[in-house]
Structure formats: structure tokens, C-alpha cells
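Hi,

Here is the structure I promised to pass on. Have a look at it first, then read my notes underneath.

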Amino acid sequence: MEREEFLERQEAIRDREQFDYRRQSIPHHRFSKEEVPYMQSYSHISLHNDFYTYELLHYLTPPGSVTFHNFGDNPPRDVLDLGCGEGYWAAEAATVWKAAGTVVTAFDILDLGRPLRKTLDSEIAQRVIWVKDNFLKQSLPFPPKSFDLVRMANLTLAIPENRWSHILKEVKRVLRPGGIVEIIDDEIFFPSVQPLPTAASSGMRSLKGRGAPQRDADDHSQGEFAQKSSRLKAPGVDGSPRNSRQQISSTTPAEEHRQRSIASRTMETVFQNMLHFEYDLSPRPHEFLESKMIQVFDGVTVEKKEVAVPKRDLNIKNGWADDIAGFRPFEGGAKLRKGKRPSDGAVVTDFTRPAFVAPKAAQLLQLETGSSGSYQPSGYVISPAHFIPCEPDVLEMHACRNSYILLSCKDALGRYIEQQHTEDGAPMISDDEFEELVFEYDCFKRRRMNWPQDYPSINFEEDPLSPTVSPKPLFGRRDLTMRTRAHSMSTAANIAVPKDAVIPVRRIRAFMGRKSDPKTTRMR
């Protein structure tokens, strides 16, 4: 027992030594920007953000499949998960394809899989191989023709545009003839800021606390923001944030909303400028990825899914769209229970979701919230017309995913802004002003969609910096295949949703290609 405890402590030390702790002791990788351009932190909120994306993909893939490409009764025997993160998909694939003897290699720059490995039964653990290496600078450490499937999910912030061709050629090298590559791109864009409801414009109390920056000029369109240079001269930052607290608290609710909207869009523009000018990263890899894949693989196809949240126009009550013709109750799926991450010593083993929203949430979801006119949707819509009910904190993780990405890149964003100077050489903004802008951006991520600022009737007793619902699967259970099948979009309700009744929040594309097999007819 003492030896096991010693080994556990040693693993924990090795885990900590992987990280460099910056800005409020938040963990980041230790590599230089030139070696590894990935600038997101490995905070709890960032890892939860990745986990909820993994959960969301269950609704988008075919029933019973862990990939967009449906392998049916002929699953791959050897699989490479490039950029595996904490390894949830790798462990699930090894479980779902266990009968075929599938072995999954989970590959990442850091070893984030220790908490998950503790939950795996021995049979599944033997089918997941963990590799820590850098696939950007070196060739993949595998011989040619090693894998039947290579999967790459959500690597937008990990692969510079000038490295995609190299990586695709390496993927082709390690694929066997007839092997499949699947690349999942979750586009980085930010939901449009919704106009303040009439009730809020006339009667909402002005938000107190740390203020947003001022701007004297009229509002600008998103298109004008996108044309700003890499220097920090976007609207909302060129004013005087030092006195903004007093200024913004004295404005009307409508003007306050406008100012916060400008400040938030400014942060997003500066963030996108940073990706492009400082890291050679594109928030929209789909604009070039298909053409690059066609140069390397046969039969390239693209599948696109859009996720949106209802406005108040779509009357959702208690988890049901009861005013929409043809709506049927959602059945199946995973019960999203409140708990802690496996790294905190607990996992969730109940995979049955009731076909309704939890009672505490239901009380909140069906109500307009006070005089502010804010509205909390009870779920989200997957294009073209599938409604998925969920609790408000789960919805926030899905809808605010890209805002959370920006916040997780706070250290890199702060260093980028430090490089910006006025014409007389003074810093564009101080570090304190930057912290205030980030705080204000975080506060506005729900208000931009006219949601309540928080969930006043729900006490999750969680760390306020962490998401409140963190379902974590216990892989190796026999019911995991049923969980995957239940999460499929095919079980959601079909509804008719007008485009102007929803706010798009995610665009997910799956790019699939095949390495040509001389023995078979090409897919093209």
C-alpha cells in the first residue's frame, strides 16, 4: 500500500512538472511559442470546455458510432487520436470497438490522461496506448502503414496554417491503404450580441462592479472590427478605462449594453488579430482545409452541423417546445449529474437522462427573469431542426465555448497587448486595465444573448471558477455503447425552427478522406 501511495505521489509530481504556472497560478505548457503555439491554459474551465465538446459530438455522429465516418460492422483495428487531450474519446473508442480488438494510441504534447486512466478497467486500459510527443516539429514516431484511422479533433489553436500540409502528409504516411482520416473543426466565432429587450431598456438596474471601457464614437459593425489592424486600436480600448466604472454606472441600461457590446467585440477582434499575426493560426481552418486534404487524400467529404440557442421567440417551457407543431419529447441520452471531475476523485456512472429538465432548473427556465426581460433557454438546437434539452450551466458550456477559449488564452492575449503602444511609445493599456477588460468580457458572455446573469435559484456548491456540471464517464462499463447510441442526434426531436428565432453559437465540420488503396477502386 505504501508503494502504491508513493507511486501515486510521484505521478502527481510529474503531472505538475509538465506545467508552467502563470497569471493567478493557472497551468500552461512549458514549451516556447515556436515549439508549440498552443496558448490555451489547462485550467479546470478549459478542460471542462473540451469535455463538453466531446459530449456534444455524441449528438452529431451516427447512432452507435464514435466517428462521423460510419464503420458499421468493420471497425478499425488500429487508431491514432492526434491531440487526444484528456483521452476521453480514445478510451470510448477502445470500449465501443472492444469486440474488434481495436487499439487506440492517444497522442498529445502533454500527458493529461492520468485521472482517466484511474477509472479504466484493465481490459480497456490495455487497449489505450499513451504517447507524449510533438507532432508539429517532428515526424510522427510510427512506421508507415500503422493505422486504419487517424482522428484529429478541435486542433484549431494547435496547428499553424503553414504546418497543415506537413501534418496531412505525415497522417497519410502512417495510414494503411484504405485508411480513413477524420478531422473535426469547431470554428472559432462569437455569437452576435442581441439587442437589449424593451423591458430591460426601460427598467433594468445598471450593472455595478468593475466597468467596461468607454467609447465616444458611434457603434461599429462587426465587419469594421474585423478590418482593424493587429495593433490594439479596436473600439472600446482606445478610451480611458481608468474612469469607466463611474462612467458606465451612470449611463442608461441601453447605453451600458451598447458599451459592453463594443468592449466585448473589441476583445474578440484583438484575439483574432493575435491568432493571425502572432501565431499564424486561423480561427476558420475550413476555409483552406478541404483543398489541402484533396491534394493528399482521395474521396474527401465535409459534413457540417450548426448549433444554435433559441431566442425568446421560441417558447420553450420545462424543456419542451410545446408550441411547435410536430415536437416530440426527447428520449434517451445521458443524465448530466452534478459532481466533480475524475481529477477530484469522482466519476459519474449513471447514463440515463430523463426526458425533462431537472425540477430546480425547470422552475427557472420557464420564467422571464424579473424586469430585465432576460430569458434562459432550456436547451439548444442542432441544425436543421433537432432540439436537445439541457440544464442552464450545460447550455452555457456549449453556447459560450468560444468565449471560454478566449478567456483560457488570457496569458497570451495579455502578452500580445503588452506589445501594443501608442504613437508616443506609451503602453496602449495597463495590466490592471487589461484585467478589468477581461473581467468585463467574462461578465458579458451571458448578457450578450439576453440570458440571466446567473442562476439565482440553483446552488451547485461548486468552485465559482469551475463549471457546475461535470459528467465524467466510467469507461469499461457495458452500458457505454448504449450511452453513445442514446447521445446520437437521431434520438432528438424534429422541430421546425425559424432561422430568426435562434442564435448560432457553434459550427462544427467533419472532414473525411481516405488513403488510396491500389487494390480497390478510388472513392473519387
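Below is what turned up when I went through it, from the overall picture down to single side chains.

One thing up front: this is a predicted model, so please read everything here as computed from that model.

The big picture. The protein has 524 residues, and 56% of them count as buried. Its secondary structure comes to 17 helices and 14 strands. If you take the contacts with a separation of 6 or more, 82% of them are between residues 24 or more positions apart.

Strands. S6 (residues 147-153) is a good place to start, as six of its seven residues are buried. S6 runs parallel to strand S3 (residues 78-82), with four bridges joining the two. Within that pairing, aspartate 81 has arginine 151 in S6 as its bridge partner. S6 also runs parallel to S7, and here six bridges join them. If you want a spot to zoom in on, methionine 152 stands opposite isoleucine 183 in S7.

Aromatics. I know you like ring geometry, so here goes. The structure holds 11 aromatic pairs. One of them is tyrosine 38 with tyrosine 42: the ring centres are 5.9 Å apart and the planes make 50 degrees, so this pair counts as tilted. Both partners are tucked away, since the cut-off for buried is under 20% relative accessible area: tyrosine 38 comes out at 17% and tyrosine 42 at 10%.

Then there is phenylalanine 190 with phenylalanine 271, which is edge-to-face, at 6.4 Å centre to centre and 80 degrees between the planes. Phenylalanine 190 sits in the loop between strand S7 (175-186) and helix H7 (198-203), while phenylalanine 271 belongs to helix H10 (residues 253-279), so the pair ties together parts that are 81 residues apart in sequence. Phenylalanine 190 is buried at 12% relative accessibility, and phenylalanine 271 is buried too, at 0%. Elsewhere, Phe51, Tyr52, Tyr54 and Tyr88 make up one aromatic cluster.

Charges over rings. Which ring does the charged end of arginine 507 sit over? That would be phenylalanine 189, with the charged end 3.9 Å from the ring centre. There is also lysine 33, which lies over the face of tyrosine 279 at 5.5 Å from the centre of the ring.

Cysteines. How many disulfides does a search of the whole structure find? Zero. As for individual cysteines, cysteine 84 is buried, with a relative accessible area of 11%, and cysteine 400 is buried as well, at 1%.

Arginine 401. This residue deserves a look of its own. Arginine 401 is in helix H14 (residues 401-408) and counts as buried, at 7% relative accessibility. What does its side chain reach at 3.0 Å? The backbone oxygen of aspartate 186. Setting aside neighbours within four places in sequence, arginine 401 is in contact with Asn49, Thr53, Asn154, Asp186, Glu187, Ile188, Glu396 and Arg506. So that you can find the polar contact quickly, note that Asp186 is also within the range given for strand S7 (175-186).

That is the lot from my side. Shout if anything looks odd when you open it.

Cheers

Terms used: Residues numbered from 1 in each chain as written. Predicted model: local features only at pLDDT ≥ 70, side-chain atom pairs only at ≥ 80, totals over all residues. Heavy atoms only, no water. Phe/Tyr/Trp six-rings, centres within 6.5 Å; stacked < 30°, edge-to-face > 60°. Buried < 20%, exposed > 50% of the residue type's maximum accessible area, 1.4 Å probe, protein only. Lys NZ or Arg CZ within 6 Å of the ring centre and 35° of its normal. Disulfide = S-S within 2.5 Å. Polar contact = N/O pair within 3.5 Å; in protein donor to acceptor, adjacent residues only side chain to side chain. Contact = heavy atoms within 4.5 Å. Pairing = 2+ DSSP bridges.
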